Amino acid sequence: MASRDFLKIMKAARSGDAFAQQKLGEIYLLGSDGVPKNTQNALLWLEKASLSIGFIEDISKLLADHLDLSASLSPEHAPFAWKCLLHASHAGHSRARWLVAQVVAHFSLSKQRISSNPITAMAFAQMTDKHWADAGGMESFKVHAQRYLEELADLSSFEDQSAAQIVLSHCLQDGRLGVLDVARSKKIMIGLAIQANSVGLSSLTSFANNIDADLVPALKVHLPQLLTSKKPLAEHTLLYWAAWQHLGDTDALEIAAELAYTPAQLALGLRLAKLNLKDVATVVAADTDTRSTQPDELSSSDSSGASTPDALSSGNARLKRAVYWLKQAANKGERDAWYALGLINRMPQYSGYSAEDSDQYFDKAADLGHPDAQYRKGAALWRKRSQIDEDIEGMQASYWIWHAAQQGVVAAQELLSKVMISCPHADKNRWSSIALASNKALSEGTHRFTGDMLLICHRVIVANQLNLSKAELLLTDIASVQHEHGAVIDIRAHLPRSVPKLILIETLEQRKALMMASKAFANVFSNHIIDEGNLRQRRYRLEKLMQTLDVSMEELDDQDDDAEDLKT
């Protein structure tokens with residue numbers, strides 16, 4: 001219940017006593033016995049007082065000392081509060097300058113960035129563009145805010161000096177106040193991070209995604225505290241991971257793994273299994289957002305976090321525990337973990353030895369794009385090709401071997417040359433002369449040919465790029481030729497004695513020829529206006545095309561490899 005004195009002040013304020021209004025505003029701002037704090041009411045009476053006795057320094061200083069930026073102010077009262085802060089800051093009031101700097105630093109960001117970040121200056125969130133313009137304009141406030149932050153960051157007597165340095169660093173980082181200096185921003189934060197207190201730890205955490213050699217001294221300062229924490233925080237996960245990478249601290253690695261950080265779980269599993277990451281993967285997916293591991297660094301713990309040299313050379317592998325952590329990482333889609341599990345399950349010393357499980361793990365790693373796993377899977381399918389029921393023998397094997405070869409696996413590139421036919425030089429292939437003439441004719445205008453002759457042109461071009469025989473040129477189903485990893489030529493439906501071919505697509509010209517041919521065939525057959533006819537009719541069109549393009553008929557006669565097939 002309000003006191004009798006408060007009621008007297010209230011009565012006087014309502015009667016128009018300016019000093020009573022000021023006193024009433026002070027009571028609401030600070031609160032007293034029986035009267036809770038109420039910032040809105042405080043601003044209401046303080047503004048009334050200022051209208052009567054003028055904008056005095058006491059009112060602006062009072063607000064600068066006690067205004068809480070987290071309090072929500074209405075659009076009617078926020079402009080008056082801002083006016084008071086500006087008045088006090090111009091008079092040299094440190095806290096007023098600090099409040100002004102915080103507000104401007106927040107609202108000078110773009111609206112898109114404000115919407116994705118919490119509003120730290122809630123008191124002025126209701127200020128409209130017109131309010132800011134009437135107060136002097138945000139651009140002019142930026143200059144003052146930058147100067148205030150510079151002063152407060154260097155003022156050792158200011159109680160919020162560290163906070164001012166953090167805000168200054170953020171502003172320099174993105175240039176929101178008109179001054180961009182990334183190097184100085186980082187220098188400020190590094191200076192704060194070295195402090196053995198909560199501010200230092202918070203500053204270090206802000207660099208958690210990109211801790212480099214400059215921040216290692218700060219990491220050493222805070223590591224003992226982090227390791228002795230009874231309940232490690234998830235927000236410090238990357239600090240534990242950095243402690244393992246840069247300092248080789250195994251306790252930090254275990255804590256990072258326990259905090260469910262996937263790269264740490266992978267690294268711990270590999271370390272326990274005494275596996276070098278270089279033997280497991282080409283690249284560590286340690287932190288896909290901010291860092292990548294170079295191939296020549298894969299064997300060192302400070303870069304990949306896989307395992308230290310002494311850990312690999314001494315002690316016994318703890319395979320069961322390694323499998324536990326690797327499964328944790330694998331279940332989150334870590335392909336290196338699946339591959340490592342495949343290796344462990346083929347180790348004779350592992351009690352859970354299982355070649356079947358090993359193959360399953362390798363298959364999962366291959367599905368996720370692991371190059372060595374893809375090669376293993378492809379090679380296994382190639383060895384068992386005669387036992388696998390598939391339309392084109394070696395089709396599955398060629399797919400996985402090709403993917404591995406694309407990622408630079410040398411053995412895969414060698415095996416691919418045995419599995420698939422290579423014909424990258426179209427100018428040395430058969431049909432080169434007629435294909436060249438057909439390309440020239442098509443570039444000059446497709447109107448020169450009727451629909452069926454247009455299709456035979458595309459057949460010739462494809463046949464030249466893939467070095468096909470005459471029978472394959474005439475009978476291949478063009479729409480089904482192209483696959484991701486190569487071309488499949490299968491004319492057994494017409495010539496049962498023929499052998500399917502897997503041809504490697506290696507050049508842009510090959511891919512382009514197949515694409516244009518497929519498009520032409522799709523357009524023609526979708527309208528049901530063209531029938532390519534039987535083999536005899538196709539041969540006739542081919543001969544007619546050669547006559548039209550004035551290409552020697554000797555090329556047809558040179559195709560002896562399938563002459564007998566064409567006679568049937």
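Let me start with the sheet, where three strands form an open arrangement in the order β1-β3-β2, with mixed pairing. Because β1, at 421–422, and β2, at 486–489, stand at the edges with a single partner strand each, one side of each is left without a neighbour in the sheet. I should say at once that what we are looking at is a predicted model, so please hear everything that follows as a description of that model.

Staying with the sheet, β1 and strand β3, which covers residues 501–504, run parallel and are joined by two bridges. Within that pairing, S422 has L504 of β3 as its bridge partner. On the other side of the pattern, β2 and β3 pair in the antiparallel sense, over four bridges, and there V488 stands opposite L502 in β3.

Now let me step back to the whole chain. There are 30 helices and three strands, and of the 568 residues in the chain, 48% are buried. If we take the contacts between residues at least 6 apart in sequence, 59% of them join residues that are at least 24 apart.

What do the buried nonpolar residues look like as a group? In soluble globular proteins, nonpolar side chains tend to be buried together. Here the largest nonpolar core has 134 residues, and the ones with the most contacts inside it are W82, F124, W132 and I344. Helix α6, residues 94–107, gives the largest share of this core, with nine residues. To see one of these residues in its surroundings, take W82, which, leaving aside neighbours within four places in sequence, is in contact with V100, V103, V104, F124, M127, W132, A135 and F141. Apart from that core lies another one, of 42 residues, and among its members are A435, I489, A513 and V551.

While we are on buried residues, two cysteines deserve a word: C171 is buried, at a relative accessible area of 1%, and C457 is buried as well, at 0%. As for disulfides, the structure holds zero of them.

Let me turn to charged residues. Side chains of opposite charge can pair when their charged atoms come close, and in this model the count comes to 15 salt bridges. One of them joins R147 to E151, with the closest N and O atoms 3.5 Å apart. Why are these two residues placed about one helical turn from each other? R147 and E151 are four residues apart in helix α9, residues 138–154, and so they are separated by about one turn. R147 is partly exposed at 37% relative accessibility, and E151 is also partly exposed, at 34%. The pair belongs to a network of salt bridges that links R97, R147 and E151.

A second example is D174 with R176, whose side chains meet in a salt bridge at 2.8 Å, N to O. Here D174 counts as partly exposed, at 27% relative accessibility, whereas R176, at 17%, counts as buried.

A third is the salt bridge between the side chains of K186 and D212, at 2.5 Å from N to O. This pair links distant parts of the chain, 26 residues apart, with K186 in helix α11, residues 182–193, and D212 in the loop between α12, 198–206, and α13, 216–228. K186 is partly exposed, with a relative accessible area of 24%, and D212 is partly exposed too, at 22%.

Against those examples I would like to set D249, which is found in the loop between α14, at 237–247, and α15, at 250–258. How far away is the nearest side chain of opposite charge? For D249 that side chain is R271, 9.5 Å away, and D249 is buried yet has no salt bridge. Not counting residues up to four places away in sequence, D249 touches L223, L227, A243 and W244.

I will close with a glycine, G31, which lies in the loop between α2, 18–30, and α3, 39–53. At 27% relative accessibility, G31 counts as partly exposed. Its contacts, leaving aside neighbours within four places in sequence, are E26, P36 and K37. Finally, G31 and A42 are 11 residues apart in sequence, and their C-alpha atoms are 9.7 Å apart in space.

Notes: Residues numbered from 1 in each chain as written. Predicted model: local features only at pLDDT ≥ 70, side-chain atom pairs only at ≥ 80, totals over all residues. Heavy atoms only, no water. Disulfide = S-S within 2.5 Å. Buried < 20%, exposed > 50% of the residue type's maximum accessible area, 1.4 Å probe, protein only. Pairing = 2+ DSSP bridges. Contact = heavy atoms within 4.5 Å. Lys, Arg positive; Asp, Glu negative; His and termini not counted. Salt bridge = Lys/Arg side-chain N within 4 Å of Asp/Glu carboxyl O. Core = buried A, V, L, I, M, F, W, Y, C linked by side-chain atoms within 4.5 Å.
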